[in-house]
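Student: Could you walk me through this one, charges and all? I'd like to get the conventions straight as we go.

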Amino acid sequence: MTIVAAREIEVSYYGDILVLQGVSVEVEEGKITIVIGPNGAGKSTLLKTLYGLLTPRRGRILYRGEDITGMKVHHFLSKGLAYVPQARSIFPELTVRENLLLGCWIMRRDGKAVQEALEYVFSFFPMLREKQRAKAGTLSGGQQKILEVARGLLTHPEVFLLDEPTATLAPIVAKEIYAFLENLRAHKTTVVLVDQNVKQAFEISDYVYILELGRNRAQGPKAMFQGKLREVIQDWLDYEIPGG
Amino acid sequence: MAELLVQAVISGVLLGILYGLIGMGMNIIYGVMRVVNFAHGEFMMLAAYLSFWASHAHGINPIQSLLLTVPLFFGVGFVLYYLLVPRLLQAEDPEMASFLTFVGISLVLTTLILLVWGADPRSVPFPFKRVSVSWGGFFFPLGRLISAGFCAAVILLLILFLYRTYLGRAIRAIIQNREAVAILGIDPHRLSALSMGIGLLLVGLAGSLVVLSFPAITPVMGASYTLVAFVVIVLGGLGNPLGALVGGLVFGLAENLGAVFFPAALAPVIAFLILIIMIFWRPQGILGRP
Ligand SMILES: Nc1ncnc2c1ncn2[C@@H]1O[C@H](COP(=O)(O)OP(=O)(O)OP(=O)(O)O)[C@@H](O)[C@H]1O
Ligand SMILES: [Mg+2]
C-alpha cells in the first residue's frame with residue numbers, strides 16, 4: 001500500500017525556475033525507498049516538499065490517501081512523519097539531552113512517554129546517553145548526525161525521511177546507520193532515503209527512484225537495477241562533466 | 001575614596017540588574033526574530049507612564065501596577081508579532097523593513113505619550129516611607145534596592161523558565177536554529193509571538209520599576225533606554241539572554257564607577273567607551289559565540 005505520494009509536483013524556490021518539473025513518487029508502506037541522482041537533481045527539494053517545507057505550485061502530496069498539500073511543517077510529526085534534513089538541524093548550545101527533549105515536544109505533557117522515548121533511543125545509541133550533558137555543538141559531525149537521527153525517532157514515526165544521513169560519517173558509522181535503517185524496516189517503519197552513497201543505499205533499498213534535472217529519470221523495484229547501477233552512475237558523470 | 005567606590009559598586013549593581021532585565025527582553029526579541037527592537041526604550045517609558053497614571057489617578061504604587069503592565073505588555077507583544085512579522089517577512093528587504101517599522105513604532109509611542117501626558121516631566125511619588133536604608137556604614141537607596149530585588153527575582157524565574165521548561169528550551173532553540181524547530185512539531189510563529197510577548201513583558205516590568213530608581217520621567221527618555229539596552233546586549237552577546245544580564249551589570253558598574261572619577265555628565269561616555277573596546281576586543285560579546 002502507498003503511504004506517501006507526490007503526484008506531478010512542480011516546485012520552485014523563487015521566480016519561474018522550476019526545480020521540480022512534475023515529479024511523482026509513490027512510497028510503499030514498510031519499505032525502504034531510496035531517491036538518488038546527481039547533485040542538484042532536486043532530491044532534497046523533493047524531501048522538503050514531502051515534509052511541507054516547500055509548497056508545490058502544482059501537484060499534490062498525499063499521506064495515506066489524504067491530501068496534505070500545504071499542510072504546515074509543524075503538523076507533520078504528530079501525523080506520524082519525521083524528517084532529518086541535509087543541513088544541520090541540531091541546537092548547538094543546547095545539551096544533547098535538551099535536543100532530545102525538544103524532539104519529544106509533541107508528547108511533552110506525558111512525562112512517562114518522554115522517559116521511555118529517551119530510553120528507546122539510548123538503547124540504540126549508547127553514545128548519546130554518555131554525552132547527554134554535553135553541548136550538542138561539541139559533538140563530532142558524525143555524532144551530531146546520530147543525534148539528529150535519534151531525535152527523529154523519539155516519537156516512533158511511521159514514515160522516516162532522511163536526507164543524506166551518512167554524508168559526513170566515517171564508513172564504519174555509516175554502516176551502523178544503514179543497519180539501523182534496516183532494523184527500522186523490520187519494525188514496519190517506512191523509510192525514504194536520499195543518498196549519495198548510492199551503493200550502500202541501494203543495498204538496503206526495496207524501491208529506487210532516480211531523479212535528474214528535476215524530473216523522474218527512472219524508477220522501479222531494486223531487482224530492476226541489480227547489476228546496472230554502475231551504468232546509471234556513469235551517466236551522471238557524463239552529464240556533470242560535459243564531454244568527459 | 002574607598003567608601004565612594006563601594007557606594008558606586010552598590011549603585012552600579014542595583015542599576016545593572018535593572019539594565020540586565022531590559023537587555024534580556026531586547027535580546028530574546030533579537031534572538032528569536034533577528035530584529036533589534038528600536039522601540040524598546042519607548043515601550044519602557046510607556047510602562048513608566050502607566051505606572052505614573054496608576055499612582056496619580058488611582059493611588060496604585062508602581063509595584064502594584066505590575067499586575068496591569070505585565071499581562072498588558074505580554075499581550076501587546078504577542079499580537080504585535082502576528083500583525084507585523086508575516087508582513088515584514090514578505091518585504092523585499094526584511095531587515096530594512098523591520099528597522100524602519102520599529103523606529104516607526106518608537107515615534108508613535110513617544111507621540112502617544114506626548115499627547116496623553118504632555119511634554120513636562122512627570123514624577124511618580126515615592127511609595128515608601130524611607131528613602132534609603134543604611135547597613136554597615138553604607139547606604140542602600142530603598143527604591144533601587146526594591147526594584148533590583150524584584151528584577152533579580154524575575155531574572156531568576158526567567159532563567160529557570162529558559163533552562164528548565166519545554167517552552168523555555170524551545171525559545172533558546174529557535175534562537176540557535178530557526179529552521180529546525182518546526183520539524184520537531186513546534187509552531188515557529190506561535191513560539192516567536194510568545195517570545196515577543198515575553199520580551200515586552202520584561203521591558204514593561206522594567207518600565208514600571210524604573211520610577212523607583214528615577215522618579216522623574218519625560219516622553220523622550222525612551223531613546224536613551226533603547227540605547228542602553230542595545231549596548232547591554234552587544235556587551236553581553238547578541239541573542240544570548242544570560243549575556244544581557246552580564247552586560248547590564250558591566251554597564252551599570254561602568255556608569256557608576258565612571259561617575260566617581262569623572263564629572264557625572266561623562267558617565268555615559270565611559271559606558272560607551274567600554275562598548276567600543278568590547279567591539280574591538282571581543283565583538284561577539286562576553287558570553288557570545290564567535
Ligand atoms: N534554497 C534554495 N534557493 C534557491 N535554489 C535552490 C535552493 N536549494 C536548492 N536550490 C536549487 O534547486 C536545485 C535542486 O537542489 P536540491 O538541493 O534539491 O538538489 P539535490 O539533488 O539535493 O542535490 P545534492 O545532491 O547536492 O544535495 C539546484 O539547482 C539548486 O541550486
Ligand atoms: Mg540534497
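Student: How far apart are the mean positions of the 30 positive and 28 negative charges of chain A?
Tutor: Lys and Arg count as positive, Asp and Glu as negative, while His and the chain ends are not counted. Each charge sits at NZ of Lys, CZ of Arg, CG of Asp or CD of Glu. With 30 positive and 28 negative charges in chain A, the two mean positions are separated by 4 Å.

Student: And what is the separation for the 13 positive and 9 negative charges of chain B?
Tutor: The counting covers 13 positive and 9 negative charges in chain B. Their mean positions lie apart by 13 Å.

Student: Before we go on, what ground rules apply here?
Tutor: This is a predicted model, where local features need pLDDT of at least 70, side-chain atom pairs count only at pLDDT 80 or more, and totals for chains, interfaces and linings use all residues. Residues are numbered from 1 along each chain as its sequence is written, chains are lettered from A and ligands numbered from 1 in the order written, and side-chain values use heavy atoms, leaving out hydrogens and water.

Student: Which order do the strands take in the open sheet of 4 strands in chain A?
Tutor: Strands are DSSP E runs of at least two residues and helices are H or I runs of at least four, numbered from the N terminus; two strands pair if DSSP finds at least two bridges between them. Strand 1 (residues 2-11) of chain A runs antiparallel to strand 4 (residues 58-63) over 5 bridges, with A:Ala6 opposite A:Ile61. Strand 4 of chain A also pairs with strand 5 (residues 66-67), antiparallel over 2 bridges. The pairing in the sheet is antiparallel, and the order is 2-1-4-5.

Student: Which strands are at the edges of that sheet?
Tutor: An edge strand here pairs on one side only. In chain A, that picks out strand 2 (20-28) and strand 5.

Student: Which residue in the turn of the hairpin between strand 4 and strand 5 of chain A has a positive phi?
Tutor: A:Tyr63 of strand 4 stands opposite A:Glu66 in strand 5. The hairpin leaves 2 residues between the strands. The positive phi, about 50°, belongs to A:Arg64.

Student: What radius of gyration does chain B have, against the compact-globule value?
Tutor: The radius is taken over C-alpha atoms, and the globule rule is 2.2 Å times the number of residues to the power 0.38. For 290 residues, the rule gives a value near 19 Å, so chain B agrees with a compact globule at 19 Å.

Student: How much of the accessible surface of chain B belongs to carbon and sulfur atoms?
Tutor: Areas come from the Shrake-Rupley method with a 1.4 Å probe, and for residues only the protein chains shown count as cover. Chain A exposes about 11,100 Å², with 51% from carbon and sulfur. Chain B has about 12,800 Å², and its carbon and sulfur share is 72%.

Student: What pattern does chain B follow along the sequence?
Tutor: Chain B has 10 helices and 4 strands. Read in sequence order, they go α-α-α-α-β-β-β-α-α-α-β-α-α-α.
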